[in-house]
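Me: I have a new structure open and would like some help reading it. Can we go through it one feature at a time?
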Amino acid sequence: MSVAAHPPTRLADLLKSRKEELIERWARQVRERLPLGASNRAELVDSLPDFLEGLLRALRQDSCPAEAVDASEMPAVAEVHGRQRYRIGADINAVVREYGILRDLIFDLAEEAGHPPRMPEVRVVTQAITTGIAEAVSHFAEEREKVLRASEARLQSIIDHAPAAIYAKDPQGRFILVNRHFELLFRLPREALLGKTDADIFPPHLAEAFRANDRRVLADNAPLWVEEEAPHPEGPHTYLSVKFPLPDAEGRPAAVCGISTDVSERKRAERALRESEERFRLLVEGVEDYAIFMLDPEGRVASWNPGAQRIKGYKAEEIIGQSFTRFYLPADVEAGVPQQGLRTAANEGHFHSEGQRVRQDGGLFWADVAITALRDEAGHLRGFAKVTRDISARKRSEQSLRVTTQRHEAMLETAVDGILTIDERGLIQDINPATLRIFGYAPEELIGRNIRMLMPQPYRSEHDGYMANYLRTGERKVIGIGREVKGRRKDGSVFPLELSVSELRLPEGRFFMGVVRDISARKRAEEAQALFLEVGTLLSQSLDVATTLKGFASLVVSRLADSCTVDLLGEDGQLHRLEAAAREPEYHPLIREVLAWSPLVGSDSPMALALKRGEVVAIPDITPALLDAAARNPEHRAIMSRLPLRSGALVPLVARGRKLGIISLYWHQSRGAALAADVEVARGVADRAAVAIDNARLFQELQEAVRVREDVVAIVSHDLRSPLNAITLAATALLKREEVDERTAKTASRIFSASDRASRMIRDLLDFTQARVGRGIPIHRGPLDFHFHVRRILSEVRMAHPERHIELAAGGEGQGEWDADRLAQVVTNLVGNALQHSPPGTPVRVSTRSEDSLVELEVHNEGPPISPELLPTLFEPYRRGPESGEGRGSLGLGLFITRQIVLGHGGVIGVRSTLAEGTTFTVRLPRRPSTPSS
């Protein structure tokens with residue numbers, strides 16, 4: 001401030017001396033009276049000291065006319081002060097008043113000091129205060145304008161970067177503000193939008209809707225939230241608009257401001273969510289196999305679907321709001337199982353378990369339970385979703401599967417057959433105990449190893465190639481077919497196997513399961529049966545003991561043992577070596593030498609002891625001591641030492657309880673465990689040999705007895721026929737004499753009949769003997785008329801039985817070739833039987849007829865039928881009916897001889913006998929003997 005120069009005044013001195021007091025008093029009053037917003041004394045005082053210094057310099061100038069005061073310092077100080085007051089938030093009125101308070105305090109201070117200011121001093125102070133106020137207010141306003149402009153720029157920048165459309169309209173609906181998003185949204189620059197109305201930009205129906213919402217905001221002077229639809233390049237979009245009034249200085253709505261956010265995606269998401277929720281609701285309500293329901297955070301049921309009702313039995317109104325613990329067993333509830341499941345789901349997000357649950361009716365079922373925690377966007381627990389499935393059927397199936405699996409495992413464990421599984425590479429994956437037993441390995445020696453280790457050559461080296469070929473071509477040789485193969489045990493022995501292989505296609509790959517059966521025993525049995533059959537066939541070919549034993553020994557050493565000897569008991573009670581044989585030709589001379597050294601009965605020889613006990617003796621290892629005991633002398637011992645005898649079996653020959661001898665079998669290699677099976681086969685062979693030997697001996701004895709009987713019969717028949725012929729001739733001569741009295745004639749007749757019966761008995765006895773010894777009754781055929789011959793024989797029979805009626809009926813051609821005498825025997829025997837076994841006074845009917853190449857004879861009689869028990873043996877010898885009493889001259893050979901005569905002619909004979917029809921014997925004979933071709 002500039003004033004005229006003058007001497008220092010009293011006011012300047014007063015202000016200088018009391019400057020701090022003035023500042024303090026000013027600060028106190030301003031703080032009390034004005035809202036400057038200063039937070040401390042420094043902000044409050046600000047540039048006041050500088051202002052007072054400038055005022056002091058102005059007061060010290062020599063002259064003080066108002067127009068001469070230099071105020072150049074005042075604007076600068078006031079400018080700083082005005083800007084500072086704006087920054088601390090002071091009101092502009094407060095800025096003016098604080099200068100007025102300073103002026104008043106200066107004048108008050110002068111008055112208090114008793115030195116009222118002079119007019120020039122007043123003018124200087126007033127000008128300084130006026131200049132300060134003007135400058136401070138001017139720069140205060142300037143600062144505020146600058147800040148407002150910056151704020152507006154920042155605000156515009158903010159709304160330009162906002163993701164929503166922001167706009168303002170005046171009461172007439174003209175746009176007075178739009179942001180960049182609004183420009184981009186409607187593809188119009190800001191200049192083209194400002195001053196325009198909705199009607200200028202949007203279709204009428206949209207513009208009217210927007211205008212209606214704006215009027216409502218202005219009328220209500222309150223914000224409005226509304227969804228509005230606006231055009232968009234992709235089609236109409238939905239916006240959520242918040243519209244609010246902008247008041248003027250008096251609080252009246254002077255404009256409408258709107259913020260519109262595009263919620264099309266959200267609306268589509270909400271619509272999709274609603275549709276999804278509806279589908280989910282329909283799905284949940286339509287699911288009956290699952291119980292799907294919600295729980296609140298405390299475990300109370302909040303929703304219920306039909307599946308839950310079906311599974312658990314509760315209706316929705318019965319269970320909603322109830323604790324889900326009622327689905328659990330009391331023991332589980334007491335143990336805290338339900339709460340533990342919720343805690344796990346809350347902590348980990350999910351919980352899954354299986355267990356028994358309780359239905360409304362108290363019934364139990366197996367449940368598969370899944371609990372999922374439900375949280376809001378802030379992560380707060382809102383409840384739980386629980387899905388329960390009734391798995392009772394599955395549990396039953398699993399239990400059944402476990403039982404079946406256990407049963408299958410037990411079957412595998414106890415199976416007699418070996419069962420093993422291999423993969424595509426041929427590596428063994430699994431085996432059962434029978435496999436280990438069959439091959440002799442431990443499990444760890446087989447698992448993971450190639451199956452070919454169980455095969456002998458050449459199969460071992462061929463197996464991998466076969467497997468690769470099958471996998472490549474599908475060509476089968478064993479798989480799905482089954483066959484007999486060879487196996488190789490751990491000890492190297494090869495044995496027969498029955499193998500069947502099936503293929504398994506599993507998710508893990510292709511596997512092959514083999515079932516192996518050790519058929520060593522079966523093969524041995526088959527070989528034994530074949531051997532038994534051969535032995536039986538051989539032994540049945542001859543009844544000569546020497547021939548039988550020679551073939552028998554050769555067969556035994558070719559099929560069973562390496563060498564053998566056969567010793568039989570003779571009539572002297574000692575063993576006699578009848579046969580010895582060896583398989584290998586090099587031992588034939590040695591084995592024949594031992595024929596001279598049979599064991600002595602009663603000695604300590606192993607053979608003699610075995611025969612004495614009648615038991616089979618198995619010798620796994622033939623020791624020198626055993627050879628010493630078996631040897632008759634050193635020479636015999638030396639011969640046995642030259643034979644490689646390693647194992648043996650001594651088998652007694654026993655038939656019908658009689659000891660016949662002993663068979664000694666020897667093997668030139670140790671038989672080990674196989675010896676037991678060999679001994680059983682040897683026992684069977686020996687039993688058959690014993691029977692054959694016994695039969696041969698019996699046959700010899702029978703032949704000898706037959707020869708003796710034939711001799712006796714020949715002698716008896718020859719010696720008896722001569723006197724019988726003489727008796728018959730004498731009786732015939734007496735009967736022909738006419739002078740014989742009646743008594744003598746009767747006696748002669750009885751003598752003739754007795755001699756005739758005796759002659760027939762001798763004839764029958766000779767015929768029987770011939771038939772029984774195998775030669776049969778001799779038949780001598782000749783031309784004959786069958787009908788005429790039967791009629792002639794019946795005439796002779798009628799003469800012998802004049803009291804009986806015998807009928808004959810004949811028909812057809814009767815010519816043929818038969819033995820007339822033998823045919824007469826047949827007719828006589830059959831008619832005689834009919835007369836003997838029929839009641840007196842009843843006829844005997846005989847008929848003959850021909851049929852092409854056959855003729856037939858029937859003999860019928862009435863009377864009681866033949867007993868059914870007697871019919872099967874009626875044609876056997878020495879069979880007589882109950883009516884055949886003693887003294888009738890019958891040996892019971894008639895029907896036997898009759899059948900033999902019929903068979904000798906190539907015919908057949910039969911009988912039928914009933915109470916109603918009587919008894920009929922039927923004979924059918926060919927007319928001529930059959931040729932070999934026929």
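Reply: Sure, let's start with confidence: pLDDT is the predictor's confidence in each residue, on a scale from 0 to 100. This is a predicted model, where local features need pLDDT of at least 70, side-chain atom pairs count only at pLDDT 80 or more, and totals for chains, interfaces and linings use all residues. Residues are numbered from 1 along each chain as its sequence is written, and side-chain values use heavy atoms, with hydrogens and water left out.

Me: What is the mean pLDDT of the protein chain?

Reply: The mean is 83, and 88% of the residues reach 70 or more. Helices (H or I, at least four residues) and strands (E, at least two) are DSSP runs, numbered from the N terminus. Confidence is lowest in helix H27 (residues 742-772), with a mean of 65, and highest in strand S24 (residues 854-861), at 96. Over residues 1-9 the pLDDT is below 50, though the model gives this stretch 49 contacts beyond near neighbours in sequence. A contact here means heavy atoms within 4.5 Å.

Me: How many helices and strands are in the protein chain?

Reply: You'll find 30 helices and 26 strands.

Me: And how much of the protein chain counts as buried?

Reply: Buried means under 20% relative accessible area, exposed means over 50%, and partly exposed is in between (1.4 Å probe, protein chains only). Of the 934 residues, 40% count as buried.

Me: Which residues have the most contacts inside the largest nonpolar core?

Reply: In soluble globular proteins, nonpolar side chains tend to be buried together. A nonpolar core is a set of buried Ala, Val, Leu, Ile, Met, Phe, Trp, Tyr and Cys residues joined through side-chain atoms within 4.5 Å. The largest one here has 41 residues, and Leu15, Leu102 and Ile106 have the most contacts inside it. Among the elements giving it two or more residues are helix H1 (10-17), helix H4 (48-59) and helix H7 (119-161). Its largest share, 10 residues, comes from H6.

Me: What is leucine 102 in contact with, leaving aside neighbours within four places in sequence?

Reply: Its partners are Leu22, Trp26, Leu48, Phe51, Leu52 and Ile129. There's also a second, separate core of 37 residues, including Leu555 and Ile693.

Me: Now serine 47, in the loop between H3 and H4: why does serine 47 count as buried?

Reply: Serine 47 counts as buried because its relative accessibility is 8%. Beyond neighbours within four places in sequence, serine 47 is in contact with Val77 and His81.
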